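Please open the structure in your viewer and keep the sequence panel visible. The tour below proposes selections in turn and states what each one shows.

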Amino acid sequence: MARADARPLAVLASSRAVIEGELSAATVVIDQDTGKITSIFHSVLPASDFPPGTAYADHSPHILLPGLVDAHVHLNEPGRTEWEGFYTGTRAAAFGGVTTVIDMPLNAIPPTTTVAGLKEKVQAAEGKCWVDVGFYGGIVPGNASELRPLVEEGVRGFKGFLIDSGVPEFPAVSSTDIALAMAALADEPTTLMFHAEMIPPITASVGDDVQRSLPPLAPTGPLNEYATFLASRPVSFETYAIAEILSLAHIAPNLPLHIVHLSAIEAIPLLQRAIAHGVKITAETCFHYLSLTAESVKDGDTRHKCCPPIRTKSNQDGLWEELMQDGGCIKTVVSDHSPCTPNLKLLPSSISSSSCGDRSHRFDSESEKDKGDFFAAWGGVSSVGLGLSILWTEGQNHGISVEDVVRWCCKNTAKQVGLEGQKGDLAVGCDGDLAVFDDEGVFEVGEEAMLFRNKCSPYQGMKLKGVVKETWVRGQRVWEREGKGFGKERPRGKLLLGRRR
């Protein structure tokens, strides 16, 4: 019999679970008061081993995974909540087994470049999050004095652009700005991250102008052809930016640096050499770079537009090769979910008639002649909550294991943002965040699978392998695919504030 003072438990068991990075049978016990994992048994224990009334489920043969930590998401609230918001974005995350998202500092208004901006964002997020949410700060010209106070307020890292960000309230930084940021953060427990594109000193971009964020190279072909857009953002944009960042790394040798959404394989040798010489730098790539290719993008299908761009199949193969290396420089895979309202994608009617389910925004651009223009359309791929299935589907061609997925999308992303020991692992003392994963299940990406606000994604209509059956956050089930879905529960996600350890 259970004692009267027994604490409420949740017990999840399976013949397959990834426990501290290794696949084995397991029974995971979570204290529902604290939300922490209190014990793990390396076998499937029966319900009778636990007090009567314990919430118990044996999910065999499905796999128990740590909840994913998506360390690159744009939730856009406040200010551009019609693009996305905490409520819709975190519901979409939970659908796909993501139990922690880290919100990027831009596309909301105000951006998270000041303590005041962070507090406004925190206020907007309270009570709306279905999963746990952390926040990045931004580096922009003139805000170096705000960086340490933002660390104290609990941001998980900082991001800056070396090229135009696409929104006026988040301008790009020069080398001088980067040096100031590195000096300010040199001894802080944080990570300094960069959107690494920069116009090289060629043709019209010469002299001092290379230190500023000029527009991309002039188009050389029809604006609705993807090849024209791809040619305007060559690999040299990435390699030049990364070389610039590495040239400044000596200013703060103990500060972890990170390249977000690495696209060009030509940058990999630069990063490898820097790491070999002791520079503390890592890189991430994204689900879309590992699954979509330039050759497959149809004319005008601006759902594929993002920066850096989706490149060729041979480039994608090189990203996979580096990702699969034990000591590779690409440590994490993230969504870079960067949505907008469908009208900003400027999709031609031939595509929008079967895509982008929010019809209220579909055809209100100023001119039909702009439709399908890769240069005028907003750049960003919507995929939060689909990433695990995208990665598992494409990974079948590359021999990946569930342990690989956990390393790239759980453990390493948690480490990047200072949440190791709390998130990204199934281990005693960690938060009870889990995804129940059917690795053989298949589904088609329709509107019901895109829980983000605007149903506009290049993955719409694709068949993906790997289905999340349930998502648990700190010992509470927040989503189940078969049954009540989110039910009548209210959002219980926490905001991950407080100075990093």
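In which sense, right-handed or left-handed, does helix 4 cross helix 6? The model in view is a predicted one. Select residues 175-185 for helix 4 and residues 235-248 for helix 6. Helix 4 passes helix 6 in a right-handed crossing.

Next, consider the geometry of this pair. Two packed helices are described by the angle between their axes and by the distance between those axes. Here the helices pack at an angle of about 45°, and their axes lie 10 Å apart. Helix 4 is therefore oblique to helix 6.

Now display the side chains at the contact. Helix 4 contributes Ser175, Ile178 and Met182, while helix 6 contributes Glu244, Ile245 and Leu248. By residue class, this contact comprises 4 nonpolar, 1 polar and 1 charged.

Move on to strand 5, which is selected as residues 63-66. In a regular strand, the side chains alternate between the two faces of the sheet. In strand 5, Ile63 and Leu65 point one way, whereas Leu64 and Pro66 point the other way. All of these residues are buried.

Which strands should be added to the selection? Add strand 1, residues 9-19, which pairs with strand 5 in the parallel sense over 2 bridges. Within this pairing, Leu64 of strand 5 is the bridge partner of Ala17. Then add strand 15, residues 434-444, which pairs with strand 5 in the antiparallel sense over 4 bridges. To finish, select Ile63 together with Phe437 of strand 15, which stands opposite Ile63.

Methods: Residues are numbered from 1 along each chain as its sequence is written. This is a predicted model: local features need pLDDT of at least 70, side-chain atom pairs count only at pLDDT 80 or more; totals for chains, interfaces and linings use all residues. Side-chain values use heavy atoms; hydrogens and water are left out. Axes are lines fitted to C-alpha atoms, for helices over the stretch in contact, and angles run from 0 to 180 degrees between N-to-C directions. Angles under 35 degrees count as roughly parallel, over 145 as roughly antiparallel, 65 to 115 as roughly perpendicular and the rest as oblique. A crossing is left-handed if the near helix is turned anticlockwise from the far one by less than a right angle, and right-handed if clockwise. Contact means heavy atoms within 4.5 Å. Ala, Val, Leu, Ile, Met, Phe, Trp, Tyr, Cys and Pro count as nonpolar, Asp, Glu, Lys and Arg as charged, and the others, Gly among them, as polar. Buried means under 20% relative accessible area, exposed over 50%, partly exposed in between (1.4 Å probe, protein chains only). Two strands pair if DSSP finds at least two bridges between them.
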